[in-house]
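Grab your viewer and work through the exercises below. Each one sets a task and then walks through a solution.

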Amino acid sequence: MLKSCLPQLTWVTWDGKAHTISPQAQVTRMVQAYLEAAVFFDKPEEEDWGDEEFASAAFDNAQFECVAFLKLAKWHIKDWEMEQLGHDFWLTRNGHGAGFWDRDFGDEHSRKALTELSKVFGETDIYKGDDGLLYV
């Protein structure tokens with residue numbers, strides 16, 4: 001489980017409303033969107049993973065990488081919703097031709113910084129293990 005030592009992350013969305021929620025809730029929203037993007041964009045076309053569950057190790061790894069991304073992204077996340085961060089982090093790091101760099105919100109400097117940071121994490125894959133669970 002994510003330790004509660006994370007500071008409150010406050011950001012302002014494109015509509016100008018300030019939001020503050022617990023760090024765990026923020027990270028959970030990002031991780032869920034990250035994993036949803038992984039399944040949607042990278043599952044084998046011939047397979048149906050609609051009801052598959054992620055292994056706890058996959059969730060823990062995704063959570064670790066999302067937290068690391070947030071800590072490194074610092075102020076560049078202020079215009080982004082957590083779900084969009086998770087979704088675009090998966091897309092950008094895996095070279096899907098969409099992601100942070102092609103959005104209409106946030107400023108150009110932040111979009112570029114988030115894109116470059118995503119690439120530092122390298123590409124990753126999703127797969128179904130012999131136990132029937134999904135891994136990243």
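Before starting, fix the burial scale: buried means under 20% relative accessible area, exposed over 50%, and partly exposed in between, with a 1.4 Å probe and protein chains only. The model is predicted, so to speak of local features takes pLDDT of at least 70, side-chain atom pairs count only at pLDDT 80 or more, and totals for chains, interfaces and linings use all residues. Residues are numbered from 1 along each chain as its sequence is written, and side-chain values use heavy atoms, with hydrogens and water left out.

**Exercise 1. Find out which side of helix α4 is buried, and what it packs against.**

Step 1: locate the helix. Helices are DSSP runs of H or I with at least four residues, strands are runs of E with at least two, and both are numbered from the N terminus. Helix α4 covers residues 108-120, and its 13 residues reach 19 Å from first to last C-alpha, close to the 18 Å expected at 1.5 Å a residue. (The expected span is 1.5 Å times one less than the number of residues.)

Step 2: list the buried residues. They are Ser 110, Arg 111, Leu 114, Thr 115, Leu 117 and Ser 118. These cover an arc of only 165° around the axis, which puts them on the same side of α4; the arc is taken from the directions from the helix axis to the C-beta atoms. The spacing fits a general rule: an α-helix has 3.6 residues a turn, so residues three or four places apart point the same way.

Step 3: check the other side. There, Glu 108, His 109, Lys 112 and Val 120 are exposed.

Step 4: find the partners. With contact meaning heavy atoms within 4.5 Å, the buried residues of α4 pack against α2 (56-73) and α3 (82-93).

**Exercise 2. Classify the ring pair of Trp 80 and Phe 100, then place it in the chain.**

Step 1: set the rule. Rings of Phe, Tyr and Trp (its six-membered ring) pair if their centres lie within 6.5 Å; planes under 30 degrees apart are stacked, over 60 edge-to-face, and the rest tilted. The count comes to nine aromatic pairs.

Step 2: apply it. The centres of Trp 80 and Phe 100 are 5.2 Å apart with planes at 80°, so the pair is edge-to-face.

Step 3: place the residues. Trp 80 sits in the loop between α2 and α3, and Phe 100 in the loop between α3 and α4, so the pair ties together parts 20 residues apart in sequence. Trp 80 is buried at 0% relative accessibility, and Phe 100 is buried with 0% too.

**Exercise 3. Which parts of the chain does the salt bridge between Asp 88 and Arg 103 tie together?**

Step 1: recall the cut-off. A salt bridge is a side-chain nitrogen of Lys or Arg within 4 Å of a carboxyl oxygen of Asp or Glu. The whole structure has five.

Step 2: check the distance. The closest N and O atoms of Asp 88 and Arg 103 are 2.6 Å apart.

Step 3: map it. Asp 88 lies in helix α3 and Arg 103 in the loop between α3 and α4, so the bridge joins parts 15 residues apart in sequence.

Step 4: add burial. Asp 88 is buried at 0% relative accessible area, whereas Arg 103 is partly exposed at 22%.
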